[in-house]
Amino acid sequence: MFCSCLGEQADHQHEQLVYTSKLGVRTTVDEPLSASQAIEVLQAGNRRFVQCDVKAGGLGPDMRRALASHGQRPVATVIGCADSRCPVEQLFDARPGDIFVLRNAGNTCTHAEGSMVGSVEYSVLNLETKMILVLGHTGCGAIMGATKQFMERSAQESTDQSTEASESEQPPQPGSCKSRSTLLGLLDALVPVAEQACVELGGGSTEEIAAHAVKVNVWRTINFLLSYSLIIREKVASGEVGLQGAIYDMSSGAVEFLGKSPKQAQLLNYDGHVVPSMGGPVRQVS
Ligand SMILES: [Zn+2]
């Protein structure tokens with residue numbers, strides 16, 4: 001909850017900024033928040049979550065009717081992991097109507113890319129969200145699974161240098177229809193994240209590489225959005241919309257805000273309009 005009524009301001013004097021919503025919940029009667037305001041609201045909500053001082057609570061009948069009658073005006077769009085331990089609204093102490101949330105295993109755009117990118121475009125164009133936050137988390141099972149695949153393949157490749165493997169024994173390649181299940185296909189697409197993390201670390205244990213891969217994957221998802229969405233790219237280039245990364249620490253409850261992608265300036269020069277699964281060109285986005 002981002003301070004639903006003026007009367008509650010006294011309860012939040014420790015917060016630097018207080019944003020009110022005219023109907024007790026955020027709706028289209030409220031003005032959009034800027035990217036910087038949105039980040040401050042998310043940070044304040046996470047502080048309350050960490051301090052066990054959450055204010056969101058439940059919705060009364062008037063608030064539910066307001067949401068149903070007056071449409072959406074969320075503070076931000078968040079792409080998070082589907083992990084049940086990472087409920088986006090709760091860790092930002094938010095209410096229905098506060099955050100436009102997209103989640104899948106691994107907070108990735110590489111699968112269901114059209115629905116993820118298209119949904120972000122919808123939130124930016126139609127709901128006027130000015131902040132897009134890609135939120136990874138510590139201990140991500142999807143990233144660990146991909147890292148284990150990467151390590152197994154690396155070990156297999158070392159073995160193959162002395163023993164030629166038959167075609168039927170080759171592991172499925174990223175994006176290949178040879179994946180033995182949709183889950184393996186999803187992990188295949190995250191293997192390059194683990195590979196890049198390994199390169200950046202100069203090697204390491206599976207756990208060390210997986211931990212670093214969480215951040216690599218956040219940048220990869222952001223870079224994917226910038227590479228394949230003209231709408232997002234133009235909004236970010238104009239300064240109207242911010243696109244930042246963050247990592248949720250499951251143990252402490254704190255969200256570390258990472259800022260914008262190191263490749264943002266470079267990727268703003270891309271010309272992609274459509275994701276590959278819908279006919280757009282394939283690019284290296286990591
Ligand atoms: Zn996860």
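Here are three short exercises on the zinc site of this predicted model.

Before you start: residues count from 1 along each chain as its sequence is written. Because the model is predicted, local features need pLDDT of at least 70 and side-chain atom pairs pLDDT 80 or more, while totals for chains, interfaces and linings use all residues, and side-chain values use heavy atoms, without hydrogens and water.

**Exercise 1.** Find the protein donors of the zinc ion.

*Solution.* Step one: look for donors (N, O and S atoms within 2.8 Å of the metal, or 3.2 Å for Na, K and Ca; water is not among the atoms, so sites may look incomplete). You get Cys 81 (SG), His 137 (NE2) and Cys 140 (SG), at 2.0 to 2.3 Å from the ion. Step two: write their spacing, C-x55-H-x2-C.

**Exercise 2.** Work out where the UniProt "binding site" residues lie relative to each other.

*Solution.* Step one: the unreviewed UniProt entry lists Cys 81, Asp 83, His 137 and Cys 140; such annotations may be inferred rather than shown by experiment. Step two: they span 60 residues in sequence, but no two C-alpha atoms are more than 9.0 Å apart, so they gather at one spot.

**Exercise 3.** Decide whether Cys 81, Asp 83 and Cys 140 are buried or exposed.

*Solution.* Step one: buried means under 20% relative accessible area, exposed over 50%, partly exposed in between (1.4 Å probe, protein chains only). Step two: compare. Cys 81 has 5%, so buried; Asp 83 has 14%, buried too; Cys 140 has 6%, again buried.
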